[in-house]
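Reader: I have a model open on my screen and would love a guided close look at one small part of it. Could you walk me through it?

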Amino acid sequence: MVRGLLNKLVSRSLSVAGQWQQQQLRRLNIHEYQGAELMGKYGVNVPKGVAVSSVDEVRKAIRDVFPNESELVVKSQILAGGRGLGTFKSGLKGGVHIVKADQVEDLADRTSVIGSWEFGAITRRYLWLGSQFYKVQLGKMLGQILVTKQTGPQGKVVSKVYLCEKLSLVNEMYFAITLDRKSAGPLIIGCSKGGTSIEDLAEKYPDMIVKVPIDVFKGITDEDAAKVVDGLAPKVADRNDAIEQVKKLYELFCKTDCTLLEINPLAETSEKQLVAADAKLNFDDNAAFRQKEIFTLRDPSQEDPREVAAAKADLNYIGLDGEIGCMVNGAGLAMATMDIIKLHGGTPANFLDVGGNASEGQVVEAFKILTSDDKVKAILVNIFGGIMKCDVIASGIVNAAKLVALKVPVVVRLEGTNVDQGKRILKESGMTLITAEDLDDAAEKAVKAIAS
């Protein structure tokens with residue numbers, strides 16, 4: 001029986017841990033236009049482009065940046081992949097379009113006359129894309145919600161669009177640098193085919209995927225870069241120039257504390273130039289102290305507002321999809337709490353670690369964050385007092401109840417330093433709480449509280 005229970009715990013732990021680890025990755029994600037600008041600073045070839053958020057900016061960009069361009073690429077800027085195949089909730093198909101430059105300017109002029117500051121004033125225009133006409137409402141891009149396979153059904157708001165020159169591409173490849181646990185250092189991944197997801201490429205063309213681990217102490221060598229270029233198999237670009245581009249990309253990856261640098265596609269143009277036609281960059285949050293300029297690029301509007309609020313309060317919070325909000329101290333205890341909730345048939349709504357030295361104010365903020373989630377039907381507080389004292393948590397819970405209208409049952413399990421004082425504070429508060437003796441009891445009561 002005990003072995004069966006342990007097996008269930010391990011199975012559920014792996015499931016929850018995988019979901020938590022995927023979302024807990026500590027990184028800064030920036031927009032494509034920001035990544036392209038950063039690449040340009042390191043000598044990487046990127047298309048000419050500018051991000052705009054209003055019609056006045058569109059008009060200025062066309063006049064000053066693209067005076068001789070007949071067509072422009074308009075890319076929705078959200079922090080998620082799959083934009084080209086995405087769909088706006090307004091009905092517009094695709095987050096990337098090729099637009100006649102004079103039509104974009106005409107749209108801006110008409111919007112200005114109407115007096116609107118964004119594309120929303122425009123009703124319908126016909127934009128040329130390939131060999132067909134597509135009826136595209138640019139008003140369905142700026143300020144609208146784009147749903148892709150990476151955003152989830154809720155989608156993300158497009159606050160900017162990226163206007164780029166339309167390049168004449170003759171070949172598309174895939175390029176990425178990431179951190180590899182097996183080789184304990186950076187790993188360059190390349191494929192001679194690009195323009196689609198790397199998952200699809202790896203499934204269809206596994207033999208075309210080249211992986212080149214880089215010795216973090218020696219840095220990238222000409223031989224390393226040559227292996228990458230040979231794996232990419234460029235058709236028209238100069239091989240030596242391509243090798244230099246790979247080395248510059250690696251320099252950018254290391255000097256800016258990247259955790260991921262992905263270009264899909266890395267393309268060749270009819271002018272025989274290797275160009276990063278896309279830019280996805282992530283950065284290690286732990287390096288924020290020495291990458292201050294880069295971290296000013298963070299776009300909180302693209303992040304979960306609960307995670308943003310938690311970060312401001314110096315709390316570790318990751319939103320999940322369940323119904324039981326968890327407030328614990330320590331990552332290990334958090335994982336165990338989520339495991340036990342799953343074991344009893346419930347689902348955790350979050351991972352919230354107040355740490356070992358949280359103040360009453362932080363506990364109050366934690367409750368505010370938990371109760372801001374409409375999916376939360378019950379809250380489980382599980383504190384093992386070591387450095388963190390149970391009376392501090394108890395006082396925080398009482399103060400939170402005064403500031404936050406608690407409409408869901410709260411199950412509390414306290415153990416450790418000052419546990420008697422903590423229990424006394426809760427008892428004398430007059431609050432209606434469900435107390436538990438141990439973690440298993442707490443999880444069972446939390447699941448039952450939802451059902452009742």
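Reader: Let's take N329: is N329 buried or exposed, and at what relative accessibility?

Author: Happy to help, and please keep in mind that this is a predicted model. N329 counts as buried because its relative accessibility is 11%, and the cut-off for buried is under 20%. Along the chain, N329 sits in the loop between β18 (324–328) and α10 (331–343).

Now for its surroundings. Setting aside neighbours within four places in sequence, N329 is in contact with D353, V354, G355, N382, I383, F384 and M388. One of these residues, F384, also offers a polar partner: a polar atom of the N329 side chain lies 2.9 Å from the backbone oxygen of F384.

There is a record to add here too. An unreviewed UniProt entry places the feature "binding site" at N329, G386, I387 and M388. These positions are spread over 60 residues of sequence, yet they cluster in space, with a largest C-alpha distance of 9.7 Å. M388 thus appears twice in your tour: in that UniProt feature and among the contacts of N329.

I387 makes a nice counterpart to look at next. I387 lies in the loop between β20 (378–385) and α12 (390–403). With a relative accessible area of 66%, I387 is exposed, whereas N329 is buried. So the positions that UniProt lists under "binding site" include a buried residue, N329, and an exposed one, I387.

Conventions. Residues are numbered from 1 along each chain as its sequence is written. This is a predicted model: local features need pLDDT of at least 70, side-chain atom pairs count only at pLDDT 80 or more; totals for chains, interfaces and linings use all residues. Side-chain values use heavy atoms; hydrogens and water are left out. UniProt positions are given in the numbering used here, feature names are shortened, and annotations may be inferred rather than shown by experiment. Helices (H or I, at least four residues) and strands (E, at least two) are DSSP runs, numbered from the N terminus. Buried means under 20% relative accessible area, exposed over 50%, partly exposed in between (1.4 Å probe, protein chains only). Contact means heavy atoms within 4.5 Å. A polar contact is a pair of N or O atoms within 3.5 Å; within protein, one must be able to donate a hydrogen and the other to accept it, and residues adjacent in sequence count only if both atoms are side-chain atoms.
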